[in-house]
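Please brief me on the empty spaces in this structure and on one of its helices, with the terms explained along the way.

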Amino acid sequence: MLRAIRHKNILPAFSAFRAFSSSAKEMTVREALNSALDEEMSADPKVFLMGEEVGEYQGAYKITKGLLDKYGPERVLDTPITEEMALICLLNILQAGFTGIGVGAAYYGLRPVVEFMTFNFSMQAIDHIINSAAKSNYMSAGQISVPIVFRGPNGAAAGVGAQHSQCYAAWYASCPGLKVLSPYSSEDARGLLKAAIRDPDPVVFLENELLYGESFPVSAEVLDSSFCLPIGKAKIEREGKDVTITAFSKMVGYALKAAEILAKEGISAEVINLRSIRPLDRSTINASVRKTNRLVTVEEGFPQHGVGAEICTSVIEESFGYLDAPVERIAGADVPMPYAANLERMAVPQVEDIVRAAKRACYRSVPLAATA
C-alpha cells in the first residue's frame, strides 16, 4: 500500500499537509488582543494602558492579563470606577476625566490605549474623543498629532439591556479625524490593534464581547511580532460569484454561516469582512459588486444612517449600472435593545435573515404576494 502511495506521489503531499497541521495554531481573540498589547508595549516605551480594572483585576474581560506585573503601575493605570446608582454622576465625571488625561498624554507624544469597559460608557467621554482627539490635528494645521487608541467591547452582548448594547460603528465613523476599526477574527484583532497603536491619529477600536473566547487558526506570519494589518483594507473571507455580503465584527461569522447554507442551494456568496469602518474600503466592495451584481449589507447597529446605508450609497454612486437587483440591508431593529432573551434575539440580525435577503437579491425566494 505504501509503495502504491509513493508511486502516485501522494506521500510527499500528505507529509506536507501533516507538517502544516502540526505547526498550525489556534488563538482566541482575547489572546490575540493581549499579545498585541504586550508586544507593542515591549517595542515602544511610550505605549501605556489606562482604564477601569485594567491592572489589579487583569481587565474586566482579561484582555490586559499579566501586563501590570510585567510593565508596572506606571504603564498600566487603573482608573476609578463606580456603578452605584447614587454615584452615577461621579461615574460620568470619571469616564470623561481619564479619557481627557489620555488625550492630553497623546498631545505630548505618548501613545495611550484607553479601555472602556463597554463602549456605551464612551458616551460620557465623547467630547474628548470628538472635540479634543479627532479635531486637533486639523485645527492645529497638522502641528499636533494625537496617537491614541480607544478600545473595548461594542454592540450587543447577552441580556445586558438597552443601555449596554449599542453599536457605535456608525456613530464614530461619521466623524472626520477618527479611524474606526472593528475586528472579527484573531488575525484581525492582533493585526489591527498593532496598526491602531502605531498610527499617528486617534483610533476607535470596536471589539465584541461574545467574540473574546472564540478561537481562530493563525499562521506563523500572524504570530510574528512585526505582523500588522493595513488600516482601510477589507478582507474577502469567502469568494463567490452570485451575491456580495458585507459585514463586520460578529456579523462576519453569521455571514459565513449564511454563505454555507446558500451554497447548498446553488447560490455562491462572496463575504467581505470590512475590518475598517473608517476609512471604508470602497474599492474592494465595488469591485465585488461589479462581479456579483448583487449586494447584501449586514450590521448589528440601527438601520437609519448606518454603516450599511453608507455602503449602499457608495455602490449606487460608483456601480449602479452593474446592479441586477435592489440592494438588501440587514440591520438591528429600530428600537432600544430589549432585555428579554426572546425579544433580544428578534432585535439583532440572525443567519436566517441574511439567507433570506440573499435569496431575495437572487430572485430565489417566494414573493410575499404568493404567500398571502
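The briefing below covers a pocket, two cavities and a helix.

This is a predicted model, in which local features need pLDDT of at least 70 and side-chain atom pairs count only at pLDDT 80 or more, while totals for chains, interfaces and linings use all residues. Residues are numbered from 1 along each chain as its sequence is written, and side-chain values use heavy atoms, with hydrogens and water left out.

**The largest pocket**

- The largest pocket has a volume of about 380 Å³, where a pocket is an open set of points on a 1 Å grid over the protein atoms alone, with protein on both sides within 12 Å along at least five of seven lines, and a volume is the space filled by probe spheres set on points joined across faces, edges and corners.
- Its lining, meaning residues with an atom within 4 Å of a point, comprises 19 residues, and Ala170, Ala173, His305, Gly306 and Val307 lie nearest the centre of the pocket.
- Helix 8 (169-173), strand 12 (276-278) and helix 13 (307-319) are the elements that give two or more residues to this lining; helices (H or I, at least four residues) and strands (E, at least two) are DSSP runs, numbered from the N terminus.
- The lining of the largest pocket divides into 10 nonpolar, five polar and four charged residues, with Ala, Val, Leu, Ile, Met, Phe, Trp, Tyr, Cys and Pro counted as nonpolar, Asp, Glu, Lys and Arg as charged, and the others, Gly among them, as polar.
- At least three lining residues come from each of domain 1 (25-223) and domain 2 (235-362), whose bounds come from an automatic or database domain assignment.

**The cavities**

- The structure holds two cavities of 30 Å³ or more, a cavity being a set of points where a 1.4 Å probe fits but cannot get out.
- The largest cavity, with a volume of about 50 Å³, lies between domain 1 (25-223) and domain 2 (235-362), because both give residues to its lining.
- Among the residues that line the largest cavity are Asn154, Cys167, Phe248, Lys250 and Glu300.
- The second largest cavity has a volume of about 30 Å³, and its lining includes Val29, Pro183, Ala189 and Leu211.

**Helix 9**

- Helix 9 (residues 186-198) is largely enclosed by the rest of the structure, because 11 of its 13 residues are buried, that is, under 20% relative accessible area with a 1.4 Å probe and protein chains only.
- Among the buried residues of helix 9 are Asp188, Arg190 and Lys194.

Conventions. Buried means under 20% relative accessible area, exposed over 50%, partly exposed in between (1.4 Å probe, protein chains only).
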